[in-house]
Every structure is written in structure tokens, then in C-alpha cells.
Amino acid sequence: MAESQPPNAPAPPPAGDAGQAAGSAAKAAPKAEGNPALRAMGLPSRFKLPSRNWMIFLTLSSTFAGFLIYDRYEKKKIQKKWCTLVSHIADESLPTSTMPRKLTVFLSAPPGDGLRPARDHFNEYVKPILVAAAMDWDVIEGRREGEVRTKLAEKVRRLRQIRGEVAENPTEPDSELLVQATRQTTGIQEWDGVKGDLVLGRHTWKEYLRGLQEGWLGPLDAPVVPTAETASSSPTPADSPATDDASPTAAPTSTSESESTTPTANDDANKSEAPLEPQQEQPQQQDQQPEDAASKSKTKPPAVLTPYISPSSYASAPLPPSFPAELDPSGPIPFPHILGILNTPTRVYRFLTRRHLADQIGRETAAVVFAASRAYKEDVPTSPSSESSGPSSSSSETSASSDNSPSASSPATSTDAYATATTSSPYTWEQKSLLAHEEKEWHKSAHKRAENEGERPWLESIVLDDRIATRMRRFELEQDQEQRANRIAEGKEGVLGAEVSD
Amino acid sequence: MSFLFGGRPQPSSAEKIAAAETEVEMVSDMFNRLVQSCTKKCIPTDYREGDLNKGESVCLDRCVSKFFEVNVKVSEKMQGEAAGRAGGMGMGM
Amino acid sequence: MYSKLVQRCFDDCVNDFTTKSLHSKEEGCVMRCVDKYLKGSERLGQRFQEQNAAMMQGQMPGR
């Protein structure tokens, strides 16, 4: 009887009002009995599907939740994999009178945002692996553009002074120096291996390069205010031998001299566009310097100082005597950061695919932890030449892998490859193009130039001095470690040296 | 600790010695508490090997600096409270 | 100091009271415990000295 009613139900509605009412009453009756399919199979048919709108809502929300849960689960697995790869380092013994290896982490607020996103990025992606490997680290933070550069340059200058160079205004000793002095007297050794720098984001990377070059190639004292005295009699540090090149660099005010040095210093390929911008900045720097000199008289130094040396004068600056043969290796970490309501789809996509970022950053951080580094390449896709840099040498902590040559990506060429590379061929340094894709995502307020501004390291293209660039090294994960990580991900391997639990 | 010397005009040598003694006592007491707390927090109790490993060393280093920070912050707050209370009592009087 | 060391190592290592004298496992544990405790104290002492010196220097000029 129930089966006969549904075929009758469509027939009555076209009849009339009374007929319609009767028809709808007739239609209502079979629906109350439940799903006919379930009834046909003999299963209890008391349950109904929710309405169409509910179905849409539940489908959408559960797909979103599914993506999210899957992504976070995978991300946790991936981070666990990288942590397991490095955690054997935390179990190595350390003599009581030796300090652990201390990295330097450079954090800078991304353009258009504050420092918190940078800190959160570091805490979420980089810190777990550093903690798993028992690394110690020092953070250099920058809230505004130029702060990281200032702090890094100060640090390098302080290091130079410790190593013996004499400056007119030596920096005052602070608590950090005191602690180091106490350590020296008590006979505590610092870590004698590779240390390393971790740089988060393209903006920080640019400031890092600038600060590094400013610290090593610039003078130890601040450049003088141009109106106070004549340009050439600026106080130069006592280290530079008979050359007069130090004075033009110490006083970037003498624009004519630096203009004359730039044509001669045009070894670097991409310098053609760079000198134009810094020279525009120099008249603005002159205006800034009286302000800076006045502000320095306050008790606290300003967060962003004018650079002691401008990028156009890098090539003419002499190398200080305490310049090491190799600078500390660096590890640039991607820091994707995008703002804006129209970018919401991109942001949602990134929110749901954080596992890829975790994998990438985990790899970079593991490379930093293993201290396996290679020299930066000099050729980057513009020319398919074979001018890659010298042999990549690893200085890894684990003695077992010290014989392996790392980084299968860079072909091991002869040592004099880079010597021939200082010609006019259109090659660029690898450092210039690293993380370059992040610049497109910067907020538009970063590109606005205000009146009378100092230099903008974020907006200017990277100027690299060859002497510094050849001495920089990059952390890169070795092939066998990469394979070990893959095996850990598949579950075939665990922590190195750990006991197997039964 | 140095606030002991704050208000007095000319402490005699005996008072100075006594003050120095109390200071030494306080320092050694602080050290003992530090050792106790940091060992409890940082060194696991299974004693698998006799050497400190890197994780434990880093943990101990950080434990000491945090302990000192806590010490400084607590003493600042106490000083602030004491000053506030003294000022309040002076006002009330 | 010594008594604290003894107490700590005893608390952590000796948990089985079915025998009258120490197990070899417990003995090894106690040896390692002493080692670790002494090294830990040494390291803590070094850090303490540095930080104390820094703090005293900071306080002395009356800042």
C-alpha cells in the first residue's frame, strides 16, 4: 500500500485547490515513513538526511576541516622527522668548561607588519629543530628597516675592535663583554667550530648583506658631519696602511671622490644600477647626519644609524687586517608573508599547505645544525656557463661524514674557477637571487619613499663586494643526510645511536 | 644587595664586615637554591652516562640566566612595593 | 653539599629494596649520578660566576 501511494501522489496536485490540499496531504504521508531505499533493503529507515542547505554547509565545512587536519598532521610528522634527524647531536657529551655552539638568528619585522609574525614564524618552524639539536642561539631583532643592519654592523665593528684594531671612539664595554672577560679569566673555552647565521626572509637577508659589508669594509668610527669640518680630515682608524682610500669611504659626503671611484670599481656586473640609487641617497644622508649627530648625544643610541659606508664605496674600501679567511656560513630561511584582503585566496591556500613550508625550513635548519656548508656559487641562471665556485668543503660536526663531499647540486670544479670569474661576463652571485620571489609579496607601503629618507636597504638591489662574497658560505644539507631523513619519514630509521626499545 | 649601603651615612668597619658576611651568605644561599632547582629541572634522573650532554648543558646555561632574571625582577618588584608602601604610609600620616 | 648529593643519588637511583646490598645496576647508576651532579654543579658555578659578576657590575655604579 505504501508503494502504491507515491505514484498516485503526483497525479492529484494538478487537479485543483481541494485536490492540491489532498495531494499534499497524500505526499506528506509517505515522506514521514522514511527513506524508501533503506526500506527496500529492509534496514530501519527512521533516519533522514539533513536538508539540502545543511548538506551544503556540512560538505564545505568538513572538506575545509579535512584539509586543515591533514595538513597539520603531516606538518607535525615532517617536523618530527627533521627533529629525529638531528636529535643525536643533543646526546653528545660536552666538556664542562666548553660553551655550546651558538648560532645567530636575524629576525626583522616584515614590510607592513610588526615583529610578532617574524617571531612566530621562527618559533613555529625553526625553533623546534634547534631545540631538538640542543643549539644555543642569539637573536638580533629589528623592528624597522635598517635596524638589523645597524646591529650587525655594530657587532662586526666590536669584533674588529676586540681583535685589535684601534678606533677613535671605542665602544663602551657592556655586560656581554664582561661575561666574556670573566670566561676568559676562568679558562672557559668558546665553541671552536663553525657557528653560523640564520636569516629569516628576504628583507632581513638584504639587511644582513649590507650590515656584513658595512661592518667589515666600513670604518670603525662614524663618518663625520660634513659641515663641521673638511671632508678629507675625517678620523680614520689606524689600521689602514698607506692608502688614502679609507678617507673617501669614511666620508661619503665627498660625492665627487666616490663618483670617481665608482667607474674604476665597476668590476661587479650588477653595479650599474646600484650606484645611481646610493648616490641619490648621499645628499639625503648629508641631511640626515646633522640630525644623527644630535640624536647620538642622547643616552640611548638611535636604532637605525646611517651606514658608515655606502654601497658604492665597497670596492674601494680596504680589507681590515682582522678579516677572517672565511666568514661564518649563513642559512637564509624562507619567510613567506603576504598581506591584503584581496590576497585572501593565496593566504587561505598557504594556511592549508603549511607542511611544504615546514619541510623546506626543516631542511634548511637541519643543514645549519649539521654545519655542512658550501661556498656560494657565482653563476646563476642568466648564463649557462660552468663558472661555479670552488670546491665545496664540509665542516660538519659528525666526523663520519667529513670525508663525503656534500651538496650534489653544485658540481665540484677546480679551485681556480672563481679566479677566472672576475671578468666582465654577465654572472651574478647566488646571494643576490636568494629568496627574491618574496619581494613581490611585500606590502605596497614598503615601496613608498618618503622625503629626506636615509638609505633603504629593502628597496635597493643588492650590492656585493667580491671579497666578501667569495668568503661567504652557505649551509646545505648533505645527500646522505637527506636520504636518512627520507628513511626516517618512512619509518625505517630512528634517532641515531638510540637504544631500540623492545 | 647593594641597597644595604643606600641610606646609611658612615657604616663602621664592624657593620661593613657584618654586611659583607650577610651578602656572602645570601650569595651562597642563592647558589645552592640555583643548583637544586636547575638540577631538578634540567638533568633527567636516569643517569645513563656520567657526562653532561649538550642538551643538558644548554638547559643549565639557560636555567642560570633565567634564575638571575627572576631574581632581579622579584627584587625590583619588592623594592617598588616597599617604596610604595612607605610612601603610602607617609601620605596617610 | 655532600649530603645533598648523597640524598639525590639515593632518591633517584636506589628503588629496589629486595636485596641487602646494592645491585650492580644501582652501583653504576650512583657512580654516574655523582659524576653528572659534580659536572653539573661545576657548569652552574661557572655560569653563576659570570652572571653574578655582570649583575654586580651593573648594580655597583648605582644604575
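How many salt bridges does the rule count over all chains? The count comes to 40, where a salt bridge is a side-chain nitrogen of Lys or Arg within 4 Å of a carboxyl oxygen of Asp or Glu. The model is predicted, so local features need pLDDT of at least 70 and side-chain atom pairs count only at pLDDT 80 or more, while totals for chains, interfaces and linings use all residues. Residues are numbered from 1 along each chain as its sequence is written, chains are lettered from A and ligands numbered from 1 in the order in which they are written, and side-chain values use heavy atoms, with hydrogens and water left out.

A good place to begin is the meeting of chain B and chain C. Here 30 residues of chain B and 23 residues of chain C are in contact, contact meaning heavy atoms within 4.5 Å. The two chains bury about 2500 Å² between them, and carbon and sulfur atoms give 67% of this area; buried area is the accessible area (1.4 Å probe) that two parts lose on being put together, summed over both. Of the area that chain B buries against chain C, 26% is supplied by B:Tyr47, B:Gly50 and B:Phe68, more than by any other three residues.

Charged and polar pairs also span this interface. Between chain B and chain C there are 4 salt bridges. C:Arg43 and B:Asp61 form a salt bridge, with 3.0 Å between the closest N and O atoms. In addition, 7 residue pairs across the interface are in polar contact, both residues being at pLDDT 80 or more. A polar contact is a pair of N or O atoms within 3.5 Å; within protein, one must be able to donate a hydrogen and the other to accept it, and residues adjacent in sequence count only if both atoms are side-chain atoms. On the side of chain B that touches chain C, the elements giving two or more residues are α1 (13–42) and α2 (54–92) of chain B. Helices (H or I, at least four residues) and strands (E, at least two) are DSSP runs, numbered from the N terminus. The most comes from α1(B), with 11 residues.

Chain B also has a link to chain A. B:Lys54 and A:Glu92 meet through their side chains in a salt bridge of 2.7 Å, N to O. This pair joins two chains, because B:Lys54 lies in helix α2 of chain B and A:Glu92 in the loop between α4 (52–86) and β1 (102–108) of chain A. B:Lys54 is buried at 6% relative accessible area, whereas A:Glu92 is partly exposed at 28%; buried means under 20% relative accessible area, exposed over 50% and partly exposed in between (1.4 Å probe, protein chains only).

Within chain A, the side chains of A:Arg374 and A:Glu430 form a salt bridge of 2.9 Å, N to O. A:Arg374 belongs to strand β5 (residues 373–375) and A:Glu430 to helix α15 (residues 430–433), so the pair ties together parts of chain A that are 56 residues apart in sequence. Both A:Arg374 and A:Glu430 are buried. They belong to a network of salt bridges that links A:Glu364, A:Arg374, A:Glu430, A:Arg474 and A:Glu476.

Finally, β1(A) is mostly covered, with 6 of its 7 residues buried. This strand pairs with β2 (residues 136–142) of chain A in the parallel sense over 7 bridges, pairing being called when DSSP finds at least two bridges between two strands. A:Leu103 has A:Trp137 in β2(A) as its bridge partner.
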